Every structure is written in structure tokens, then in C-alpha cells.
Amino acid sequence: MKSWGRLLLCGIVGGVIGSGGAIWSVRAGSLGMQTAIGPWQTGRDFGTARASPYIRAVVALRGLLALPAHEARYYTAATDSAGRPLDGNCRYRIEGGALPAAWWSLTLYDPAGYLVDNSAGIHAIGSAGLPPAEAVHWTVTMAPDRQPGHWLPTGRARRVQLTLRAYLPQDGGTGDLTTAQLPVITREGCA
């Protein structure tokens with residue numbers, strides 16, 4: 001093979017490998033990979049001019065309309081508090097308390113960033129829907145089958161992810177919530 005042919009072949013192979021690697025990286029990317037706090041991960045540059053091209057690509061692909069940190073902080077969890085991947089065939093107890101924010105929501109997604117399809121049509125639980133007596137300590141059960149109390153149905157998806165949004169954080173979005181402030185995710189059993 002002539003040298004120009006080898007150069008052309010190497011250029012094509014390099015372009016395919018590089019493009020494929022970039023696509024895989026963005027598709028596999030998780031929002032908020034900058035800081036891990038227990039099972040939760042977060043970042044401060046969503047919705048800002050500081051967001052890197054990588055974060056912008058992940059946000060665009062995952063479909064999250066990210067607000068600036070002073071309006072909302074995002075925390076994602078793909079594992080329970082013991083570090084095991086969240087499985088839609090298992091039952092989890094998610095326990096939390098009052099967050100230093102105006103309100104919060106807890107939403108269930110599949111790994112591609114889409115709401116988990118379920119027959120109940122329930123995709124999120126928020127502080128606005130909790131009775132005032134539960135504001136200080138609340139429990140949500142995440143499971144495939146209907147559960148008493150506050151329930152997030154998993155639709156038996158193989159893998160799931162949680163996103164906790166803290167809206168209008170009291171610190172203006174300049175700091176991270178602590179392990180003690182973020183919900184604990186405990187696996188109770190699997191089907």
C-alpha cells in the first residue's frame with residue numbers, strides 16, 4: 001500500500017475512533033460528575049457561562065433544562081448509600097429532611113435521562129406535596145409495586161437514577177449540601 005493510502009486509512013480510522021469515543025463519552029456522561037457526596041453527585045456550572053463544552057453536550061443530550069446554581073442545585077444518584085447500582089426491581093427507602101432551599105423535588109430517570117415509564121404515572125415527589133409535619137423528616141419508597149405512603153414507581157426498569165433538585169438554595173448556590181443534608185438511599189430487598 002502506498003504511503004498516501006496508509007495516511008488516508010489512518011486518518012479515517014482515527015476519525016471514526018475519535019468520534020465514537022466522543023459520542024460514547026457524552027452518552028455515558030452523568031450530570032454532576034464533578035463532586036461526589038455519598039451516593040449523590042453534583043456540579044456548579046450547569047446553566048452558566050463556565051460550563052465546559054462537555055457539560056453542555058451532556059445537558060443537551062440528556063434533555064435537562066439546567067437552571068443556574070443560584071436558582072437550582074442538582075444532585076444525581078445512580079447508586080444507593082452502600083454503593084450498589086439502583087435497580088428498578090428492588091425496593092428502596094429514601095429518607096431525608098428539610099433542605100436549605102425554598103423547595104425540592106426528587107425525580108426518577110432511566111440511565112439515558114428519560115422519565116421511567118410506569119403505569120401509575122408518578123415520576124417525582126416534591127416538598128410542596130408533603131404535609132407540613134413531614135417537612136423535617138420525610139420518607140419515600142422507590143419500588144416496582146405500589147407502596148404505602150410516598151411512592152416512586154420504578155416500572156421495573158433495569159437501572160434507574162434519582163435526581164434531587166434544590167430550588168432557590170439559601171446559600172445562593174455557592175456551596176454543596178452535606179452528606180447529612182442529602183437523603184439516605186437504603187435498599188430493603190429485591191424481587
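**Sheets, salt bridges and a buried methionine**

Arg 156 counts as partly exposed, with a relative accessibility of 40%. On the cut-offs: buried means under 20% relative accessible area, exposed means over 50%, and partly exposed is in between, with a 1.4 Å probe and protein chains only.

Now the ground rules. This is a predicted model, where local features need pLDDT of at least 70, side-chain atom pairs count only at pLDDT 80 or more, and totals for chains, interfaces and linings use all residues. Residues are numbered from 1 along each chain as its sequence is written, and side-chain values use heavy atoms, with hydrogens and water left out.

Back to Arg 156. What does Arg 156 form with Asp 145? A salt bridge, with 3.2 Å between the closest N and O atoms. Arg 156 sits in the loop between E8 and E9, and Asp 145 in the loop between E7 and E8, so the pair ties together parts that are 11 residues apart in sequence. Asp 145 is partly exposed too, at 43%. A salt bridge here is a side-chain nitrogen of Lys or Arg within 4 Å of a carboxyl oxygen of Asp or Glu. The general idea: side chains of opposite charge can pair when their charged atoms come close.

The whole structure has 7 salt bridges. Asp 80 and Arg 84 make one of them, 3.0 Å from N to O. Asp 80 counts as buried because its relative accessibility is 1%. Arg 84 is partly exposed at 33%. Arg 93 and Glu 95 make another, at 3.1 Å, N to O. Both of these are partly exposed: Arg 93 at 27%, Glu 95 at 26%. Arg 93 and Glu 95 also belong to a salt-bridge network that includes Arg 91 and Glu 188.

Next, the fold. The protein has 2 helices and 10 strands. These are DSSP runs, numbered from the N terminus: H or I over at least four residues for helices, E over at least two for strands. In sequence order the pattern reads α-β-β-α-β-β-β-β-β-β-β-β.

How are the strands arranged? One open sheet has 6 strands, in the order E1-E2-E3-E9-E5-E6, with antiparallel pairing. Its edges are E1 (35–37) and E6 (124–126), each paired on one side only. Neighbouring strands here turn by 25° against each other on average, direction ignored. For those angles, axes are lines fitted to C-alpha atoms, for helices over the stretch in contact, and the range is 0 to 180 degrees between N-to-C directions. Two strands pair if DSSP finds at least two bridges between them.

Look at E3, residues 72–77. Is E3 mostly covered or open? Mostly covered: 6 of its 6 residues are buried. Ala 72, Tyr 74 and Thr 76 lie on one face, Arg 73, Tyr 75 and Ala 77 on the other. E2 (residues 40–42) joins E3 through 2 bridges, antiparallel, and Trp 40 has Ala 77 as its bridge partner. Towards E9 (residues 161–169) there are 6 bridges, again antiparallel. There Arg 73 partners Ala 166. Further along, E5 (residues 101–109) pairs with E6 over 3 bridges, with Thr 107 partnering Ala 124.

The other open sheet has 4 strands, ordered E8-E7-E4-E10, with mixed pairing. E8 (150–153) and E10 (184–190) are its edges, each with a partner on one side only. E4 (residues 90–97) and E7 (residues 137–143) are antiparallel over 6 bridges. Glu 95, from the Arg 93 salt bridge, stands opposite Thr 139 in E7.

E7 also holds Met 142. Why does Met 142 count as buried? Because its relative accessible area is 0%. Beyond four places in sequence, its contacts (heavy atoms within 4.5 Å) include Leu 86, Cys 90, Ile 94, Leu 108, Leu 152 and Val 160.

Met 1 is the opposite case. It comes before helix H1 (3–28), and at 68% relative accessibility it counts as exposed.

Last, totals. Of 191 residues, 40% count as buried. Among contacts with a separation of 6 or more, 73% join residues 24 or more positions apart.
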